[in-house]
Amino acid sequence: KGEFICREGESSCEIFYILMGRVQVEKKAGRTIKSLVEMGPGDYFGEMAALLESPRSASVRALTDCDIAVIGADTFRDLLRHYGTVSLFILKEMSLRVKNTTKSLEQLAHEWIKLVAVLYFLREWPSAGNRDYVSELADISGKEPYEVGETLRELESLGVLVLENARVKAFRKDLVWKVLGTVPGNSGEMPEESFRRGADGI
């Protein structure tokens, strides 16, 4: 329990079949770790590394004590060569996993940029309006400028930002908490002050 069965980037190429227990699949997305899916008895993972002989595309960590069968890459490829129905099932499963992973990571990246942008303007406004905030946010978030631009336009549609000629003309702090889905606590501290302290660590 708690141990990694395989780690993203490793060069091992076995496939793992879960006999007992539960595991969690995790993947790096910029500067964050995204939990992609939980798996249990009857599920398997590691097939992409086994088939493509490529580094692991994600990490897998045991959530409970587990019994896991380890199948060598050569044995797995022989199985696929001799049993066409198994090959078709594996290919369909791989396609579905790639599709779901892509959607999950895209959503994570979008929410990450939104959070970084809000914290940035909470800390830097109004001086940010006269700076190259798109480049600064791209550097902070580790994302492309066009992705930052898309997020800023979404914040404009939500009323948080007012954009004019690709420049930020106004920032509505009072709408930030609604956008982030955050309910301020009763600690007596203003939410802006709490977020400003947190933003210093970005």
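Helix 5 is followed by Gly159, a residue whose phi is positive, near 90°. This glycine offers a convenient point of entry into a model that is predicted, and the helix before it may be considered next.

Helix 5 comprises 13 residues. From its first C-alpha to its last it reaches 19 Å, close to the 18 Å expected at 1.5 Å a residue. Within this helix, Val148, Gly149, Thr151, Leu152 and Leu155 are buried. Seen down the helix axis, these buried residues fall within an arc of 165°, and they therefore line one face of helix 5. An α-helix has 3.6 residues a turn, so residues three or four places apart point the same way. The face of helix 5 turned away from the buried side carries Tyr146, Arg153 and Ser157, which are exposed.

Val148, which has its place in helix 5, merits a separate description. Its relative accessibility is 1%, and because residues under 20% are classed as buried, Val148 counts as buried. When its neighbours within four places in sequence are left aside, Val148 is in contact with Ile113, Val134, Leu137, Ala138 and Ser141. Of these partners, Ala138 stands 10 residues from Val148 in sequence, and the two C-alpha atoms are 6.3 Å apart in space.

Another of these partners, Leu137, leads to the interior of the protein. Leaving aside its own neighbours within four places in sequence, Leu137 is in contact with Val116, Ala117, Tyr120, Phe121, Val148 and Leu152. The largest nonpolar core has 22 residues, and Phe121, Leu137, Leu152 and Leu161 are the members that touch the most others. At least two residues of this core are supplied by each of helix 3 (84-124), helix 4 (133-141), helix 5 (145-157), strand 9 (167-171) and helix 6 (176-180). Helix 3 provides the largest share, with 8 residues. Apart from this core lies another, of 9 residues, including Cys6, Phe16, Val25 and Met39.

Phe16, a member of that other core, also directs attention to the strands. Phe16 stands opposite Phe45 in strand 5. Strand 2 (residues 15-20) and strand 5 (residues 44-45) pair in the antiparallel sense over 2 bridges. Strand 2 also pairs with strand 7 (residues 67-71), again in the antiparallel sense, over 5 bridges. In this second pairing, Tyr17 stands opposite Ala69 in strand 7. Strands of a sheet pair through backbone hydrogen bonds, either parallel or antiparallel. Here 3 strands form an open sheet in the order 5-2-7, with antiparallel pairing. Strand 5 and strand 7 are the edge strands, since each pairs on one side only.

The description may close with the protein as a whole. Its secondary structure comes to 7 helices and 9 strands. Of its 202 residues, 35% count as buried. Among contacts with a separation of 6 or more, 65% are accounted for by residues 24 or more positions apart. The protein exposes about 11,800 Å², and carbon and sulfur atoms supply 53% of that area.

Key. Residues numbered from 1 in each chain as written. Predicted model: local features only at pLDDT ≥ 70, side-chain atom pairs only at ≥ 80, totals over all residues. Heavy atoms only, no water. Core = buried A, V, L, I, M, F, W, Y, C linked by side-chain atoms within 4.5 Å. Buried < 20%, exposed > 50% of the residue type's maximum accessible area, 1.4 Å probe, protein only. Helix = DSSP H or I, 4+ residues; strand = E, 2+ residues; numbered from the N terminus. Contact = heavy atoms within 4.5 Å. Pairing = 2+ DSSP bridges. Expected span 1.5 Å × (residues − 1). Arc of directions from axis to C-beta. Areas by Shrake-Rupley, 256 points an atom, 1.4 Å probe, with all protein chains shown as cover.
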